[in-house]
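This report walks through one chain, sheet by sheet and then core by core. Keep the coordinates open while reading.

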Amino acid sequence: MSEGIGKSSSGLAALEAQLARDLDLIGFYRPEWVRPRVSAGEDVLDVAVIGGGQCGLSAALGLRREGVTNVMVFDENEPGYEGPWETYARMVTLRTPKHLNPIDFGVPSLTYRAWWEAQHGADGWQAVDKIARGDWMEYLRWYRRVLDLPIENGARLDRIEPLPGKGLHRLHFTGGAGRLARKVVLATGIQGGGEWHTPAMVRDNLPKSLWAHTSEPIDFARLHGKRIGILGGGASAFDNANYALTQGVAAAEVFMRRKELPRINPIRFMERVGFTARYPALDDATKYAAMDCFLGHNQPPTNDTFARAAAWPGFALHLGAPWLDVAEHQGGVRVTSPHGFHDYDFVVVSTGLLSDPGLRPELSDVADLIVRWGDRVMPAGKRNALIDAHPYLGAAFEFLPREGVDGAGLHGLFAFNYSALVSLGLSASALSGLHNALPRLVKGVADQLFLDDRDELVADFLDYDEHEFLEQWPKETAV
């Protein structure tokens, strides 16, 4: 929690009572309507949500709001450690503005601000600049608990096996029994649509004991008093440099190929002008051009993060210094840049990610069926390989098939992760767009469940004869 500010458990209890009242007042929870499904004696989930972080939790709540209750969230981590916030995220605060309300569905008592003020008082809210990373994770833990969301932890998904003849998917988890589901929502975060990128020179030239990607757990205590080099000029590189220095490394030096620090964060523009909410309405050629520009920017560090890192005597920044070579040298790592040799005990790479369904092992059965942007769109300018590898998604984050292939195995699969960036903009896994993305996803999943059962549901409607009006005319006269 925020330093120097006391917590109030009584205030939180009062908020929880108010939340229960608010949800009741607005009729948040709708009647269940999806027909139960059993296959060969095995119960079938209506929706399996893969990932129990902010996207998975809010997707489950949104589905409950639509009367879809046979839902289970699966997460590979232990309870309370879903998502990146207590694993590999190392920023001091979130980078997004504190006033964004991404996962509360318009319920004031479910907002982060209400949760924070219930414990610390309203006066201190004005003093909060950005949300502390640990506080956000505590809020998510509270969100899960107070809403009683169904999550199975320790469930790592290995493979999605489509059963197109049945309209089902069998989910195979590491070391566990499979589960059947009609719909699968991949709420798997930034890396869930592909993989983190590691340059071949690092991966091929160094033993794993000498390097790590920023997306991995790193034992910085083991590096106390050591020198580390960090490759990458985005916000994560500076987050890791600052964090490493707080953990006692002697030096953390950041290398950028650019000659100047990135200064523009296009997300701020997108937040201000409604670009985030309206992006899906753009035509494909405009989306391509916009994302080509977006991906050309490195997200800069926040000013406070850079100031913290730069204040350490062990911090150094090398501009115009791409890594030309890395090699093991006297038990450590020798980096070659245009400025010469640099020797470190350990190196960290912060080189972004690649979004491509073909990189995901759980999609191995269906990846070849999925249409990519490179298959569908011819840009006005030169092609961008990063964009072309993204899945070309439908309006509700659903995978779509390549032209001429049988797409039955894709029906019911939704990519609610960062690979939706090109198709639907800042949406899934991006706090700036999540409040716009959630209704789109939830409606799409619920609509698909309804349309899959439309014959039976319409037949029931046509046969419906329950009498609601029970009066008689003329009125019977008492004798």
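In which sense do strand S14 and S15 pair, and over how many bridges? Strand S14, residues 332–337, pairs with S15 in the antiparallel sense. Five bridges hold the pairing.

## Model and confidence

The model is predicted. Mean pLDDT for the chain is 93. Of its residues, 98% reach 70 or more. Residues 1–5 fall below 50 in pLDDT. Beyond near neighbours in sequence, this stretch has ten contacts in the model.

## The antiparallel sheet

S14 and S15 belong to an open sheet of three strands. The order is S13-S14-S15, and the pairing is antiparallel. Strand S13 (325–329) and strand S15 (340–344) are the edges. Each has a single partner strand, so one side of each is left without a neighbour in the sheet. From one strand to the next, the twist averages 25°. At residue level, Thr336 stands opposite Phe341 in S15.

## The parallel sheet

Another open sheet is built from five strands with parallel pairing. Its order is S9-S16-S10-S11-S12. Strand S9 (211–213) and strand S12 (315–318) stand at the edges. Each of these edge strands has a single partner, so one side of each lacks a neighbour in the sheet. The twist here averages 20° from one strand to the next.

Strand S16 (residues 346–349) runs parallel to strand S10 (residues 227–231), joined by four bridges. Two pairs fix the register: Ile230 has Val348 as its bridge partner in S16, and Ile228 stands opposite Phe346. S16 also runs parallel to S9, through three bridges. There, His213 has Val349 as its bridge partner.

## Packing on the parallel sheet

Which residues of S16 are buried on its two faces? Phe346 and Val348 are buried on one side, and Val347 and Val349 on the other. Both faces of S16 are therefore covered. In a regular strand, side chains alternate between the two faces of the sheet.

Helix H6 (residues 235–246) packs on this sheet. H6 touches S10, strand S11 (251–255) and S12. The direction of H6 makes about 170° with that of S11.

## Nonpolar cores

The largest nonpolar core has 81 residues. Val47, Trp136, Tyr139, Tyr143, Leu171, Phe399 and Phe416 touch the most other members. Helix H14 (residues 434–452) gives the largest share of this core, eight residues. Apart from it lies another core, of 19 residues. Its members include Ile218, Phe238, Leu245 and Ala252. In soluble globular proteins, nonpolar side chains tend to be buried together.

Tyr139 offers a local view of the largest core. Leaving aside neighbours within four places in sequence, Tyr139 is in contact with Ile103, Leu110, Thr111, Tyr112 and Trp115.

## A buried glutamate

Glu82 sits in the loop between strand S3 (71–75) and helix H3 (112–120). Is Glu82 buried or exposed? Its relative accessibility is 4%. The cut-off for buried is under 20%, so Glu82 counts as buried.

What does the side chain of Glu82 meet there? One polar contact, of 2.8 Å, runs to the side chain of Arg144. Another, of 2.9 Å, joins the side chains of Glu82 and Asn153. Setting aside neighbours within four places in sequence, the contacts of Glu82 are Gly52, Gly53, Asp75, Asn77, Met137, Arg144 and Asn153.

How values were computed:
Residues numbered from 1 in each chain as written. Predicted model: local features only at pLDDT ≥ 70, side-chain atom pairs only at ≥ 80, totals over all residues. Heavy atoms only, no water. Pairing = 2+ DSSP bridges. Axes fitted to C-alpha atoms, helices over the stretch in contact; angles between N-to-C directions. pLDDT = per-residue confidence, 0-100. Contact = heavy atoms within 4.5 Å. Core = buried A, V, L, I, M, F, W, Y, C linked by side-chain atoms within 4.5 Å. Buried < 20%, exposed > 50% of the residue type's maximum accessible area, 1.4 Å probe, protein only. Polar contact = N/O pair within 3.5 Å; in protein donor to acceptor, adjacent residues only side chain to side chain.
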